[in-house]
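Trainee: Could you take me through one part of this protein slowly, the way you would at the bench with the model open? I'd like one strand pairing looked at closely, and then how the rest fits around it.

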Amino acid sequence: MTVTGAFKILSFEMIDVADSPHKVVDCVSAQCLRCNHVTTITDGAIHHLAGGLVIRCANCGREQAVANGGLSHGG
Ligand SMILES: [Zn+2]
C-alpha cells in the first residue's frame, strides 16, 4: 500500500472524464497516520486539484494534497 506522508492509501478508483484527457479519482479510502481513522471520500466530496486531489481526515481534520500518480506506485 502507498503511504503519502500523512495518509496510507487503502484503495481508490479512477474514472475517465468525458471532457478531459485526464482520469480523476472517483473514490478513495485512506487511513490517517496521525489518528488511524479511515476516511472514505467519494466523488462530490472530493476536492479535486489539477492532476490530484486533497484528502482530508474526517476525524482529526488533517489534510494532504496528493497527486493522482501518487496514489499508486508506478501508477
Ligand atoms: Zn486523522
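Mentor: Let's start with strands β2 and β3. β2 covers residues 7-16, β3 covers residues 23-32, and the two run antiparallel, joined by nine bridges. Keep in mind as you look that this is a predicted model. To get from β2 to β3 the chain goes through a hairpin of six residues.

Pick out a couple of rungs on that ladder. I9 has A30 in β3 as its bridge partner. Further along, F12 stands opposite V28 in β3. Now hold on to A30, F12 and V28, since these three turn up again among the 12 residues of the largest nonpolar core. The full membership is F7, F12, V25, V28, A30, C32, I41, L53, I55, C57, V66 and L71. Strands β2, β3 and β6 (52-56) each put at least two residues into this core, and β3 gives the most, with four. As a general point, nonpolar side chains in soluble globular proteins tend to be buried together.

Not everything on β2 belongs to that picture. S11 is also found in strand β2, but S11 is exposed, with 11 other C-beta atoms within 10 Å. Residues count as exposed at 12 or fewer such atoms, so that is how S11 gets its label. There's also a long-range relationship to click on: S11 and T40 sit 29 residues apart in sequence, while their C-alpha atoms are 9.1 Å apart in space.

T40 takes us across to the other side of β3. There, β3 and β4 pair in the antiparallel sense over five bridges, and one rung to find is S29, whose bridge partner in β4 is T40. The link between these two strands is another hairpin, with five residues between the strands. N36 lies in that loop, and its backbone is worth a click: phi is positive, about 70 degrees, although N36 is not a glycine. Like S11, N36 is exposed; 11 other C-beta atoms lie within 10 Å of its own.

While you're around β3, select C32 too. It is one of the core residues, and if you leave aside neighbours within four places in sequence, C32 is in contact with F7, H37, T39, C57, N59, C60 and R62. F7 and C57 on that list are core members as well.

Now zoom out one step. β2 and β3 belong to an open sheet of four strands, ordered β1-β2-β3-β4, with antiparallel pairing. β1 (2-3) and β4 (38-42) stand at the edges with a single partner strand each, so each has one side left without a neighbour in the sheet.

There's a second open sheet as well, made of three strands in the order β5-β6-β7, again with antiparallel pairing. Its edge strands are β5 and β7 (63-67), each pairing on one side only. Ignoring direction, neighbouring strands of this sheet are turned by 30 degrees against each other on average. β5 and β6 pair over three bridges in the antiparallel sense. For a rung here, take H48, which has L53 in β6 as its bridge partner. L53 is another name from the core list.

Stepping right back, the protein has seven strands and zero helices. Its 75 residues would give a radius of gyration near 11 Å if they formed a compact globule, and the 12 Å of this protein agrees with that. Along the principal axes, the C-alpha atoms fill a box of roughly 35 × 25 × 15 Å. Of the 75 residues, 19% count as buried. Take the contacts with a separation of 6 or more: residues 24 or more positions apart account for 34% of them.

How far should you lean on what you're seeing? The mean pLDDT of the protein is 88, and 96% of its residues reach 70 or more. Among the elements, β4 has the highest mean pLDDT, 95, whereas strand β5 (residues 47-49) has the lowest, 80. For the part we began with, go back to the nine bridges between β2 and β3 and follow them rung by rung, with I9 and A30 as one place to begin.

Conventions
Residues are numbered from 1 along each chain as its sequence is written. Two strands pair if DSSP finds at least two bridges between them. pLDDT is the predictor's confidence in each residue, from 0 to 100. A nonpolar core is a set of buried Ala, Val, Leu, Ile, Met, Phe, Trp, Tyr and Cys residues joined through C-beta atoms within 7 Å. A residue is buried if 20 or more other C-beta atoms lie within 10 Å of its own, exposed if 12 or fewer, and partly exposed in between; C-beta atoms are placed from the backbone. Two residues are in contact if their C-beta atoms, placed from the backbone, lie within 7 Å. The radius of gyration is taken over C-alpha atoms; the globule rule is 2.2 Å times the number of residues to the power 0.38. Axes are lines fitted to C-alpha atoms, for helices over the stretch in contact, and angles run from 0 to 180 degrees between N-to-C directions.
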